[in-house]
Amino acid sequence: MKHLRISFSIIILALCTIVATQAQTLVTPPKSIVTTTMKAQITSVDFYGSQTSFSRTLTVGNAEGYVYIQGLCDSFPDAWVKGKANKEKTSITFAQEQYLGQDFGLDIYLFGYRGDAAKHCDLTLQRNLSTGVLSTAEGYGFGEYYYDDFSTSANKYMPYNRYASITLTPSKAWEPADPADEPVTPDGPKVPVVVPDGAVFLPYTLSANSFRTGPLTHPARLAFVGDDVYMDGFCSVCIQTNTCVKGHRNGSRIVFPQEHFIVNYGGSNDMYLYGATYYMGDEDVALADLVFDYNPVTDTYTGQNGILISQGKFRETGLFSEYLQNPVLQGNPEGIETPAPLKGGFQQGNMYDLQGRALKTTKGERGGLRGLFIHNGHKFIR
């Protein structure tokens, strides 16, 4: 989930060329890892900017061309982060936004930062070839994302633990593993999502602000098959090619994984989906999974970031054909009306026909019926 710089000339080129998100995963070292201990001298920074130094013993290991460190974060002492040394082994870089775990229901990530602690970057440790000591004068921390309309940068996070510097001294002779060559593997067949037989789409209205043309509203659809979610009609490419994307349902949230292949458009353009945050006047785009939160009272899915449709993988091309900010999917499907006895809304665990009438069933009968089923506040057809 890297932050990338957009060139407006590239954007214009992309727009002329085309007319028209997943569960978090903890870093887990392979079983082949070889570890050692290092004494870490850390300078922490509190909310008011005061600094305090303390020491801690961390576990550092090598495996398959990568470097792993355990214990960097106070709140997640068992969590690992994964980095890679340069060819000369004079530095080790740990990519920003590595997932550490949840704290009070919030996803917490690793970030490096330079200067403004709210603007994050990769964490790089410099290595002294004579002593083997690893250190950085740049800050790092752990926290959640936040975005606000008053910000001059979308590249922000809310720090929980923030550190001004760290120095790691090996307990014995140690050097990072030879950096692994990135495996050259084909992406595999790029095949549009196939919706399972029997899945029924429910109509929604998508409202968003197009980066190119301003406010827009048009039909979109969602289908739920168990915890799998299928969405179509949310962008011009999907409308023109009759394709959709697949995500998953997690409680009141639906998530579509970033860099989700959609379709090959025009014979030469592989199109991908991302969740993204960007603010006018800023040059940073934050890529992430595309996330919607559901309000069962209003039958509304509110996007937690924007919908970016990329021409090729955005990290490689920087080209996008469509970017929709503040997307909202509003329900009230045609043909489904809540009758008078159900003024309080559809009820958990009940089934309804497509006119909204409750189906009276026994437990044994329910499995063979098809209708509108309510589960965890979400509507889907079974």
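Q: Is Asp289 buried or exposed in this predicted model?
A: Start with where Asp289 sits: the loop between β21 (284-288) and β22 (290-295). Its relative accessibility is 5%, and the cut-off for buried is under 20%. So Asp289 counts as buried.

Q: Which residue's backbone nitrogen does the side chain of Asp289 reach?
A: The contact to look for is between the Asp289 side chain and a backbone nitrogen, at 3.1 Å. That distance falls within the 3.5 Å allowed for a polar contact. The backbone nitrogen belongs to Gln258.

Q: How many salt bridges does a search of the whole structure find?
A: In general, side chains of opposite charge can pair when their charged atoms come close. One network of such bridges links Lys89, Glu175 and Asp178. For the whole structure, the search comes up with eight.

Q: Which residue forms a salt bridge with Arg249?
A: Look for closest N and O atoms that are 2.8 Å apart. Arg249 lies in strand β17 (residues 244-250) and its partner in the loop between β15 and β16, so the pair ties together parts that are 22 residues apart in sequence. Arg249 is buried at 7%, while the partner is partly exposed at 44%. That partner is Asp227.

Q: How far apart are the closest N and O atoms of Lys246 and Asp228?
A: Lys246 is partly exposed, with a relative accessible area of 34%, and Asp228 is partly exposed too, at 30%. Their N and O atoms have to be within 4 Å for a salt bridge. This pair does form one, with the closest atoms at 3.8 Å.

Terms used: Residues are numbered from 1 along each chain as its sequence is written. This is a predicted model: local features need pLDDT of at least 70, side-chain atom pairs count only at pLDDT 80 or more; totals for chains, interfaces and linings use all residues. Side-chain values use heavy atoms; hydrogens and water are left out. Helices (H or I, at least four residues) and strands (E, at least two) are DSSP runs, numbered from the N terminus. Buried means under 20% relative accessible area, exposed over 50%, partly exposed in between (1.4 Å probe, protein chains only). A polar contact is a pair of N or O atoms within 3.5 Å; within protein, one must be able to donate a hydrogen and the other to accept it, and residues adjacent in sequence count only if both atoms are side-chain atoms. A salt bridge is a side-chain nitrogen of Lys or Arg within 4 Å of a carboxyl oxygen of Asp or Glu.
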